[in-house]
Amino acid sequence: MSEVVVGHDHHDDDDHHHGPAKGIARWLFTTNHKDIGTLYLWFSFAMFLIGGCMALVIRTELFEPGLQFVDPEFFNQMTTNHGLIMVFGAIMPAFVGLANWLIPMQLGAPDMALPRMNNLSFWILPFAFGLMLSTLFMEGGGPNFGWTFYAPLSTTYAPDSVTFFIFAVHMMGASSIMGSINIIATILNMRAPGMTFMKMPLFCWTWLITAYLLIAVMPVLAGAVTMMLFDIHFGTSFFSAAGGGDPVMFQHIFWFFGHPEVYIMILPAFGIVSAIIPTFARKPLFGYDSMVYATASIAFLSFIVWAHHMFTVGMPLAGQLFFMYSTMFIAVPTGVKVFNWVATMWQGSMTFETPMLFAIAFVVLFTMGGFSGLMLAITPADYQYHDTYFVVAHFHYVLVPGALFSIIAAVYFWLPKWCGNMYDESLGKLHFWLSFVGVNVTFFPQHFSGLAGMPRRIPDYALQFADFNMISSMGAFLFGFSQLLFMYIVIKAIRSGKPATGQVWEGAHGLEWTIPSPAPYHTFTTPPVVSDSNAHN
Amino acid sequence: MANSQENPNYYVPESSWYPVGIAAAVFCLILGLGNFLNDIKSGGDGSLFMSLLGLALIFTVLYFWYGTVIRENESGIVNTQLKKSYVWGMGWFIFSEVMFFAAFFGALFYARVLAVSWLGGEGGKGITGEYLWPEFKPEWPVMTNPNPELFPGPAENMQAPSTASAWAKYLPLWNTVILLSSSWTVHMAHSAIKNSKRGAIKFWLGLTVLLGCIFLVLQAEEYIHAYQELGLTLETGIYGSTFFILTGFHGFHVTLGTLILAVSLYRVFRGHFNHEDCFGFEAASWYWHFVDVVWVCLFFFVYIF
Ligand code: HEM
Ligand SMILES: [Cu+2]
């Protein structure tokens, strides 16, 4: 490991590298992967709070049956924007932020491969989301057609602001594509000598595959919104049967993007959990190779399952069967992963610091989401479940205690490396328990209301669902407000936490733990030599 | 000059205002375009000022940005590893473009093979079409749309003719010839660089740019013909929709490609590129070959079959 330290000590005599610029210029013009990572993470947190407020508007309206707080038109805008902002504004940028911070440090690279483009990928986002949020204040209101924006709701019957929504999606897509190109170029080209592919930390592997998925499907989404734009403004009839097109075609194109997209939101999470569990179980990750192959097979399968979102639109029988079996097949590589995490913990000397608590909750609750997914994959059963709260429960289990918990776990895990200080462990644990309880109280009852037939995206509901909804709303407020505690813990750690050591965690392995905390502004300007001891595990 | 060096350290550029400048310019373009489109739709005149300003700003910043990249390259701070990053970057960018076109080709196949025949009453899903528009006959190109009041069909289409003499006058065929030969000329330009024949580079690259321009002129000609004589427009149903979106976005990419090649040509005149360092040119030529392949697919699936 010593050669690593020698490697990075060289950075002072490297004349074109110095510390950060002062003031706002630092953040606007930076080409530093750590600065850009920080920007992404704070941006994502801001979006998380905004999207969270929208969720609370939704849960307030659903607290009791009847229409009380907002009118249905606005309710629809809330569900739509909540989904869009959480997916594109909170979860995805958070993972890109983590990638920026971690991938160069984990690979022993001086920075991302294309630093100026890296800055561009970030700075597009505030403009894109500024534009999208501004639609809420436009005449006729913002997007109100659901985050899946099915035609013709999003074309023929859309508010005028849909034009800006379309352009905002174009911009987000451009940002994701550039970010992914950067990540792929970094991983393929910037690994330190000795950092072979099969020595890379899993976070790099999962991001490599995620970036590939992003480059493959974001352009398809761009194509879909472009066709919408043409249908709306130039009189084409892609999604209009009257002109020989087909609204169902929109759904096919959307979900060809949309299903890989849900894996885009979970694969990096797999990488994070695969870093945290071995650290606190003090054992190497069980089945590293199989983790890599499982990730790759999930990515491949994610391209051939999309129509499981469309079982009820009327598809030929052969199609229904194909998509049912291919969907179920994804459970196999997913199962491999869950097995490996559990096997890693098996007989480990475990301790339960906050990141580990979130990681364990991830394994358990994500698996539950996977099981409800399997139920939904059964075509005839999905006829019943489709568009009910059961689907809402399913995807919130995989996204909130799944993707989001992994992001929170990652922040607790790497924060000491980023800012040089430890967070307050007891407050962290408190945050965990509040979130854990909150998430289950919110989403578990939705399985029941869904199975009993409560439709999603509806501001009012039959009296029989009243109890479950009230519980759900209470859980949502608990969960939502606990996240303010998270913000407090993070800021407190940055400003006045106990100084962290370089290795931070007793069981931590990997290049990022060989440099001091906080990580210097430039790391590995001269590549380290990677020995087996600081490779993955 | 470039590449004689071997710089051990990967070059990480200083902070730079270009990216955030581009982001702001794109925002300006898009805000202007959105307002313009919405204004037109609600019967206003629409002003393109803001979007054109945005476009101008984008080009201005790109001018500085690429200027800087070229200077960095010529000054030798760029090592082989960084060049490889550019290679990967361009390669994956082209892959993203492939997927963008894949969306439109997907729409074309779906409409042709599935949607139109269902609308015509075929297959298990035919019942809806049968009920809604019993008159509708499934055919490709669709000349009479399911609802001809809403979407009057085209008078004629662009499908390839059946007689040999008509083929000789068939514009898309000539466009294919032009684009395929331009792929060859750009390849010749590349060989000329590799053999350090400066004169030949200028000739072949200039010829490529010229062929690109001719293609664009002919394409414009074809569109005018379609709009004015064939009654084939964006509004004439699914055939016109897929035809124009595919050929239109392809034409847009040819425009970009021609522009990039023209910049390369200018750089050749400035003495840039040599036999071992010409990635700026190679990237442009990859892009050009890609645009060419898309055209071949278009020619088969949009025009011939
Ligand atoms: C074993 C793995 C999984 C299976 C078998 C599965 C299956 C399904 C099925 C069949 C549906 C459609 C339900 C319907 O609309 O009737 C669905 C919806 C959904 N799933 Fe999954 N899923 C799995 C994992 C995931 C993961 C990992 C994520 C995200 C991280 C995810 C996110 C979603 C979302 C967002 C929706 C709803 C989309 C919408 O209609 O708004 N799923 N899932
Ligand atoms: Cu799916």
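Let's start with a word you'll need: a residue counts as buried if 20 or more other C-beta atoms lie within 10 Å of its own. Keep in mind, too, that this is a predicted model. With that in hand, take a look at chain B. It has 305 residues, and buried ones make up 38% of them.

What is chain B built from? Its secondary structure comes to nine helices and zero strands, so if you read along the sequence you just meet one α after another: α-α-α-α-α-α-α-α-α. Along its principal axes, the C-alpha trace of chain B spans about 75 × 50 × 40 Å. Now think about which parts of the chain meet each other. Take the contacts in chain B between residues at least 6 apart in sequence: 69% of these join residues at least 24 apart.

Let's zoom in on one helix, α2 of chain B, which covers residues 49–75. From its first C-alpha to its last, this helix of 27 residues reaches 39 Å, close to the 39 Å expected at 1.5 Å a residue. Which residues of α2(B) are buried? They are B:Ser51, B:Gly54, B:Val61 and B:Asn73. If you want to know what these buried residues pack against, find α1 (18–41) of chain B. Then follow α2(B) to where it stops: next comes B:Gly76, with a positive phi near 90°.

Step back a little and you can see chain B as two pieces, domain 1 (1–78) and domain 2 (80–304). The centres of these two domains of chain B, taken over C-alpha atoms, are 25 Å apart. Where they meet, six residues of domain 1 of chain B are in contact with six residues of domain 2 of chain B. On the domain 1 side, five of those residues are nonpolar, one is polar and none is charged.

Next, the meeting of the two chains. How many residues of chain A are in contact with chain B? There are 59, and they touch 56 residues of chain B. On chain A's side, the elements that give two or more residues are α2 (23–29), α5 (115–134), α6 (162–189), α7 (202–233) and α8 (247–264). Sorted by class, that side has 35 nonpolar, 19 polar and five charged residues.

Helix α7(A) comes up again when you look inside. The largest nonpolar core has 258 residues, and those with the most contacts inside it are A:Ile91, A:Ala224 and A:Ala409. The largest share of this core, 24 residues, comes from α7(A). Chain B joins in as well, since the core draws at least three residues from each of its domains, domain 1 (1–78) and domain 2 (80–304). Try picking out A:Ala224: leaving aside residues up to four places away in sequence, it touches A:Phe250, A:Ile253, A:Phe254, A:Phe257 and B:Ala103. There is also a second, separate core of five residues, including B:Tyr10, B:Val12, B:Leu82 and B:Tyr86.

Last stop: the ligand. Around ligand 1 you'll find 25 residues, the closest being A:Val262, A:Gly373, A:Leu376, A:His386 and A:Phe395. Four helices of chain A each supply at least two residues of this shell: α11 (317–345), α12 (354–377), α13 (379–385) and α14 (389–419). Which helix gives the most? That is α14(A), with seven residues. By class, the shell around ligand 1 has 14 nonpolar, ten polar and one charged residues.

Definitions and conventions: Residues are numbered from 1 along each chain as its sequence is written. Chains are lettered from A and ligands numbered from 1 in the order in which they are written. This is a predicted model: local features need pLDDT of at least 70, side-chain atom pairs count only at pLDDT 80 or more; totals for chains, interfaces and linings use all residues. A residue is near a molecule or strand if its C-beta atom, placed from the backbone, lies within 6 Å of it. Ala, Val, Leu, Ile, Met, Phe, Trp, Tyr, Cys and Pro count as nonpolar, Asp, Glu, Lys and Arg as charged, and the others, Gly among them, as polar. Two residues are in contact if their C-beta atoms, placed from the backbone, lie within 7 Å. A residue is buried if 20 or more other C-beta atoms lie within 10 Å of its own, exposed if 12 or fewer, and partly exposed in between; C-beta atoms are placed from the backbone. The expected span of a helix is 1.5 Å times one less than its number of residues. Domain bounds come from an automatic or database domain assignment. A nonpolar core is a set of buried Ala, Val, Leu, Ile, Met, Phe, Trp, Tyr and Cys residues joined through C-beta atoms within 7 Å.
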